[in-house]
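Subject: Structure handover

Hello,

Here is the structure for you to open alongside this message. My notes come after it.

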Amino acid sequence: SVHGISISNEINVNILKSKHQVTIVEEFSDLRFHNQGSLTKVLSFIKSYLHFFSELLKKRYDIFYGVIYLSTFGIVKNLSTICLFRLFNRKSTTILHFHRSDFDTFLSKKLNKILFRALDKLTSKYILLSDIQFKQSPLGNHKKFVLYNTIEEHYSQVKHTPRENELSIVYIGNYIKEKGI
């Protein structure tokens with residue numbers, strides 16, 4: 001799929017590849033099953049997890065970099081993946097990248113909060129998208145930093161123009177309620 005997260009991931013991975021050796025383990029996600037449980041999702045994760053395990057058997061790594069998932073199944077995937085990574089690379093750095101800003105909604109569920117606390121103990125750093133996320137995030141400041149791969153929205157700077165000079169636009173997109181739309 002092509003969306004903000006995939007484009008950002010591609011840019012970030014290309015930057016990393018230009019300076020470092022990068023091993024990529026990709027998990028396929030079928031958008032037909034977004035926001036719902038399915039055996040296909042579980043099997044896809046198991047397949048990528050086994051691939052990840054085989055890569056960890058081949059060599060040691062200095063850094064684990066991944067996207068943090070803001071769903072219960074997703075945080076379990078993050079937790080199990082980082083636990084496995086730490087088993088083979090105890091002194092390595094783990095970095096998780098937030099691509100969504102609905103962290104508070106995610107933590108409103110008790111189980112998610114418990115799982116995130118466990119994950120937080122294994123995570124070295126978090127990458128956030130904006131200064132606003134940095135200020136609003138309940139994470140400790142020593143563990144988070146901003147990588148600007150988006151624009152900040154400043155609605156107060158938008159000026160109204162007379163109707164005859166306005167541009168009419170129709171936009172069709174993938175609206176996902178959990179992303180704050």
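Below are the sheet and then one loop residue.

This is a predicted model, in which local features need pLDDT of at least 70 and side-chain atom pairs count only at pLDDT 80 or more, while totals for chains, interfaces and linings use all residues. Residues are numbered from 1 along each chain as its sequence is written, and side-chain values use heavy atoms, with hydrogens and water left out.

The sheet is open and has 4 strands in the order β1-β2-β3-β4, with parallel pairing. Strands here are DSSP runs of E, at least two residues, and helices are runs of H or I, at least four residues, numbered from the N terminus; two strands pair if DSSP finds at least two bridges between them. β1 (63-67) and β4 are at the edges with a single partner strand each, so one side of each has no neighbour in the sheet.

β1 pairs with β2 (residues 93-97) over 5 bridges. Ile63 is opposite Thr93, and Val67 has His97 as its bridge partner. From β1 the chain passes through helix α3 (residues 72-88) to β2 in a right-handed crossover (clockwise from the first strand over the helix to the second, with the strands pointing away from the viewer). β2 is joined to β3 (residues 125-128) by 3 bridges, and His97 has Ile127 as its partner there.

Leu139 lies in the loop between α6 (131-136) and β4 (144-146). Leu139 counts as buried (under 20% relative accessible area, 1.4 Å probe, protein chains only) because its relative accessibility is 8%. Beyond four places in sequence, Leu139 is in contact (heavy atoms within 4.5 Å) with Phe98, Phe116, Asp120, Tyr126 and Lys144.

Regards

How values were computed: Buried means under 20% relative accessible area, exposed over 50%, partly exposed in between (1.4 Å probe, protein chains only).
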